[in-house]
Amino acid sequence: MSESGAQKKKGSKKVKVQRAQDAPIQPKLISSSTTFFLSVPALIAILLYFYFNPTPAIEFFDAWIGFSDHYDSAPVPHTHSFTYLSADTTKRRAVLESFKHAWLAYERDAMGADEYHPISKQGSNLTDAGGIGFMVVDVLDSLQIMGLRAEYGRARKWVAERLDFDKGALFSTFETTIRVLGGLLSAYHLSEEDPIYLEKAIDLADRIMPVFETASGLPFPAVNLAERRGYHSIDFPGLSSVAEAGTLQLEFRYLSYLTENEVYWRAAENVMKVLKDARLPHGLASVFLAIEQGQYHLSAISLGSRADSFYEYLLGPRSIGSSTSKLSNQTERFYQDMYDDAMESIHNHLVQRSTTNNLLYTSELIPENGPDGGLTWRLTPKQDHLVCFLGGSLMLGATRTGALTSPVSIPPHPEELTEKGTRDWKTGVELIKTCMNMHDTQTGLSPEIVYFRVPSDGMNAMPNAPPDWYIRGAQLAPGELPPYDSRYMLRPETVESLFIAYRLTGDNIYREHGWKIFQAIEKHARVSTGGYATVINVDDNPASLEDKMETFFLSETLKYLYLLFDSSNNIPLDKYVLNTEAHPLPIFEPSIRSRFS
Ligand code: DMJ
């Protein structure tokens, strides 16, 4: 029993005193009819209060009756340093129901398969060698966070009895790390250290480790898990994307912390040293790296596909494994330098404004040969939905690297942020606004890629030209198939930013945005027999669907939506860092120190 519980009990004993037989009887000062007339208005006032403010009552009632689908006290420590934000239990429950609609269909049709096709009701694996738990492991911590105990129990059983990484085929180093290794580590923590997860994580990581055996230390993008050997990519031999190389630190560092075995930490850290040394003059990362040389390969500069999570992880590792005193932690200084450098360059080279409504967006740079044969960079107003992670990430970064005090208020007061922190915060807020604007489609869902209008696009002459952005190639002739750009593949990036922004501001506008997206997903992507599927064209209403439900829909999109509507006690941001696949890993005090600065 807790100390406060014991005290309460003692206290209640004290008031239970027998009235002495001979004590004089006090006259009744208020008659029972007066009591009745006084208590009726009080009762009405209480009922009115809870009618207009139902959340605390619902939460209390849920807890009292032991609502079986959710335990608010998922194994997550309580936080005091952040302002408490209470749950919107109605919306949280709606998200939970959708999650069950998706997960139970997968369990029914494809349990254990890496991928799920809800329309044909089948699973498939990434390779012919058999599944590696891509879906099950990616979803374990969502089941834990949402308190789905029975479903979690079955998933754990599958991991314990069926998960086997001895597969002689090529797997993506990056995807296997962020989804499977990250999923196992998060499940390990949230299960209060169920050894099965750590055992599997070590087995998997040891099979991946040989990817770092290259001349530069940059990892091979593919790995044969049975052979324990790294391989070049078939599509881009000799190259790795910067996201593939730069998105391994959170998982490998945490594994070193748990096992007290430095090898994982050192391998991941060395990649960052290579990337730091390879810095390009403008401070941005080209999407491809030459693996053996450890240098950037001349290629586009983007914050979206093939680069996104590299920027995300410049922020993450300083939180994970650098303690809460990270602002003064000099041993991790290089991450802060790399992050500051990248954010500065993004503002200097990529941040733009749309021509009509002045929306803030990020563009890409494409290398070309100039007229004199020299290298020039063409600014392309293309923004992937993937870039929408950046809004929340910038706001989070502002409260970490751009803060003059720790923790900052919710929302931060202007005097709590540095000049750069204020810049990043504002850019983050505006980018989220733009990402919401990208949902202004016939379905209310955002396309995979948009192009922002620029004076040279020649569209001004068009009748009904779009004001700020458009989907390239979407003006279809009859019978033509919609372009890849027009799809919504259940991606999480906008709701991820909404979740972070809500936690950092408490501003209900972010919940309202999230609810709109959730409703659009429900209306257009839901498969009535179970599961959700990719919307082929966000401007087709009713939408046509492609038979695929990505694992990140359950591990990220619905988890972020659930957390957006849950109380801030569930995965508090001062205690957790979420990896790029939304697997929460606890912030810890490292015993291992970085070896370069
Ligand atoms: C996820 O697998 C990860 O978030 C990754 O970093 C990028 N894209 C997908 C989701 O869109």
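Helices, with at least four residues, and strands, with at least two, are DSSP runs numbered from the N terminus, and the tour below uses those numbers while moving through what is a predicted model.

**The ligand and its surroundings**

Begin by selecting the ligand, because the space it takes is the largest pocket, a molecule being placed in a pocket if more than half of its atoms lie within 2 Å of the pocket's grid points. Three elements, namely helix 7 (173-190), helix 12 (308-319) and helix 18 (551-565), each give two or more residues to the shell around the ligand. To display that shell, select I178, R179, D308, S309, L386, R491, P492, E493, F552, E556, T580 and E581, which are the residues around the ligand.

Next, show the side chains of R491, E493 and E556 as sticks and look at their polar atoms. An N or O atom in the side chain of R491 is 2.6 Å from an oxygen atom of the ligand, and for the side chain of E493 the corresponding distance to a ligand oxygen is 2.7 Å. In E556, a polar side-chain atom lies 2.9 Å from an oxygen atom of the ligand. Taken on its own, the ligand has 300 Å² of accessible area, of which the protein covers 92%.

**Two histidines**

Now select H385, in the loop between strand 13 (382-384) and helix 14, together with P492, which is among the residues around the ligand. The two are 107 residues apart in sequence, yet their C-alpha atoms are 9.0 Å apart in space. H385 counts as buried because its relative accessibility is 1%, under the 20% cut-off.

For H439, go to the loop between helix 15 and strand 14 (449-452). With a relative accessible area of 9%, H439 is buried, and a distance drawn from its C-alpha atom to that of T494, 55 residues away along the chain, comes to 9.7 Å.

**Two cis peptide bonds**

Select I410 and P411 and look along the backbone that joins them: the peptide bond from I410 to P411 is cis, with omega near -10°. P411 is found in the loop between helix 14 (389-400) and helix 15 (419-437).

Then move to N541 and P542, where the peptide bond is also cis, here with omega near 10°. P542 lies in the loop that runs between strand 16 (534-535) and strand 17 (545-546).

**Two residues with positive phi**

Which residue in the loop between helix 7 and helix 8 (195-208) should be selected next? Choose E192, which has its place in that loop and whose phi is near 55°, a positive value in a residue other than glycine. E192 is exposed because its relative accessible area, 63%, is over 50%.

R306 can be selected afterwards, in the loop between strand 8 (295-301) and helix 12; its phi is near 75°, again a positive value in a residue other than glycine. With 38% relative accessibility, R306 counts as partly exposed, because that value falls between the cut-offs of 20% and 50%.

**Helix 11**

As a last stop, select residues 263-277, which form helix 11. This helix has 15 residues and reaches 21 Å from its first C-alpha to its last, close to the 21 Å expected at 1.5 Å a residue. Colour Y264, W265, R266, A267, A268, E269, V271, M272, V274 and L275, which are buried in this helix. An α-helix has 3.6 residues a turn, so residues three or four places apart point the same way.

How values were computed. Residues are numbered from 1 along each chain as its sequence is written. This is a predicted model: local features need pLDDT of at least 70, side-chain atom pairs count only at pLDDT 80 or more; totals for chains, interfaces and linings use all residues. Side-chain values use heavy atoms; hydrogens and water are left out. The expected span of a helix is 1.5 Å times one less than its number of residues. Buried means under 20% relative accessible area, exposed over 50%, partly exposed in between (1.4 Å probe, protein chains only). A residue is near a molecule or strand if one of its heavy atoms lies within 4 Å of it. A polar contact is a pair of N or O atoms within 3.5 Å; within protein, one must be able to donate a hydrogen and the other to accept it, and residues adjacent in sequence count only if both atoms are side-chain atoms. Accessible areas come from the Shrake-Rupley method with a 1.4 Å probe; for residues, only the protein chains shown count as cover. On a 1 Å grid over the protein atoms alone, a cavity is a set of points where a 1.4 Å probe fits but cannot get out, and a pocket is an open set with protein on both sides within 12 Å along at least five of seven lines; lining residues have an atom within 4 Å of a point.
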